[in-house]
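Student: Could you walk me through this structure and show me how its descriptions are justified?
Tutor: Gladly! Let's look at it together.

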Amino acid sequence: MKKIFAVVFVVAMGGFASIASAATSSGTLTVTGTVASSIDLTIESAGGTTSGTGTAAATSSLGSISKYGAAPTGFTLARGASDWTLSSNVGVKVAKANLTSTDYTLTAQLGSAPATGIVWKLNGSTLSDSAAATLTSTGTYASTSNYAWDIVVADSAAAAAIDNTINFSATSN
Amino acid sequence: MKRALTGILMIAVALSVAAAEHRAIAVAPPDDSLTITFIEGDSNQGSMIPAGNDAWLDLKSVKRMGASNEKSIRTRHRFGVRVVRAGGAGGSAVITALLDSYDGRATYRLDGKPLTSAPLIVDAHAAVGTVVFHTLDIDVPVSIAEGPLAASITWQVTTD
C-alpha cells in the first residue's frame, strides 16, 4: 500500500516538473586571423658610451678622440705610422617569430659618406654609404653576434666631428 | 484490494496528465525563449562584428611587435555579452563557453581562465537584460608557422 502511494506521488510531481523546464539558447563567437612572420633586429652592445642598447636604434658616443689621447670607453687605440685605429665590437641580435627560416643575412651600410681620411669597418669590411657590406649570410637567430668595429683615422684628417650612422639590415634566408 | 489500488493509481496518472493539459490550454505558457548577443568593446587588435546570436572576431594580421624575447603574441579583446528573454522578463541565467572547433595554433583565455572543449562557467548568475563585459586573451606562440588562425567558441545560456 505504501509503495503504491509513493508511486502516485512521484507521478503527480512528474506532471508539475515537466511544465517548469529551463530555457536555453546558444551563440557562436568565431575567431579568425592571419599569423604573419617577422624578424626583429636589436643592437645589444657597442663600444663608447651607449644608449638604446637592446633596441633597434642605439647610440654610441665616443667623445673627443685623438691619436695621442686616451681611447674612448670600450675601445682600444692602435697608433700607426700615418694613421690610428679605434677598435671595438658591435653586438647584433636577430630574433624571429612565426618563421621557418633557419638563418639570416646581415648587412651594414653607412648613413652618410664618411669624412675625408676616416674609414669605418665592420667585420673587416670597409663600409660606405653607397653599398651594403655583408657581415654574415648564415646568422643564427636569437643569438648575439659580435662584429669587429674599427674606425681608422688618417693623420691627415681634419680635426672635426666624425659622426655617422651604421644601418644594419637583416633578411631571413 | 490490489484492483482498487491499481484503479487509484490510474486515476492519479490520468488526473495529472489532464491537469497539465488543462493548464497548458487555459494559460498559454509565457514565451521565455532566450537570446544571447555580443557587443563590441575595446580591442588592441582586430574587430568584432555581431550578427544575431553570433559574432565574428577578426584579428586580421597577428605579428610580433614587442620584445624579441617574448614567447607568444598576445591579443586582448573586451566585449559585452547580453542575455535577453522574450517579453522582457528578468531573472538570471548561467552562461557557459567552450572551444567548439579549434586549429590548435593558439591558446584562448576568457576572463583569465583557459578555454577548452569542456564548458567553462563564464557567469553563474548573469542578470538577464544586462550587458556584462568579458576579456578574451588569445596567445599565439612565436614558434608556429605563419598562416591562418581559426577557432569557434560556443556560448550557451540557461535560465536558472
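**Reading the elements and their pairings**

Tutor: Going from the N terminus, chain B of this predicted model has its elements in the order α-β-β-β-β-β-β-β-β-β-β. That comes to 1 helix and 10 strands.

Student: How do you know that strand 6 and strand 9 of chain B pair?
Tutor: Pairing takes at least two bridges. Strand 6 (residues 107-110) and strand 9 (residues 131-141) of chain B are joined by 4 bridges, so they count as a pair, and they run antiparallel. One place to look is B:Tyr108, whose bridge partner in strand 9 is B:Ile138.

Student: Which sheet has the order 1-4-9-6-7?
Tutor: That is an open sheet of 5 strands in chain B, with antiparallel pairing.

Student: What makes strand 1 and strand 7 of chain B edge strands?
Tutor: Strand 1 (34-43) and strand 7 (113-114) each pair on one side only.

Student: What share of chain B is buried?
Tutor: Buried residues account for 21% of its 160 residues. To be called buried, a residue needs 20 or more other C-beta atoms within 10 Å of its own.

Student: Among contacts in chain B between residues at least 6 apart in sequence, how many join residues at least 24 apart?
Tutor: The share is 71%.

Student: Now chain A. What joins strand 5 to strand 6 there?
Tutor: A hairpin does, through 3 residues. Strand 5 (residues 76-79) and strand 6 (residues 83-97) of chain A share 4 bridges in the antiparallel sense. With at least two bridges required, they therefore qualify as a pair. Within it, A:Ala78 has A:Thr85 as its bridge partner.

Student: Which residues of strand 7 of chain A are buried, and which are not?
Tutor: In this strand (residues 104-110), A:Tyr104, A:Leu106, A:Ala108 and A:Leu110 point to one face and are buried. A:Thr105, A:Thr107 and A:Gln109 point to the other face and are not buried.

Student: Why do the side chains take turns like that?
Tutor: Because in a regular strand they alternate between the two faces of the sheet.

Student: How do you know that strand 7 of chain A pairs with strand 10 and with strand 12?
Tutor: Count the bridges again! Strand 10 (residues 133-139) pairs with strand 7 over 4 bridges, and strand 12 (residues 166-172) is joined to strand 7 by 7 bridges. Both counts satisfy the requirement of at least two, so both are pairs. Strand 7 is antiparallel to strand 10 and also to strand 12. A:Tyr104 stands opposite A:Gly139 in strand 10, while A:Gln109 stands opposite A:Asn167 in strand 12.

Technical notes. Residues are numbered from 1 along each chain as its sequence is written. Chains are lettered from A and ligands numbered from 1 in the order in which they are written. This is a predicted model: local features need pLDDT of at least 70, side-chain atom pairs count only at pLDDT 80 or more; totals for chains, interfaces and linings use all residues. A residue is buried if 20 or more other C-beta atoms lie within 10 Å of its own, exposed if 12 or fewer, and partly exposed in between; C-beta atoms are placed from the backbone. Two residues are in contact if their C-beta atoms, placed from the backbone, lie within 7 Å.
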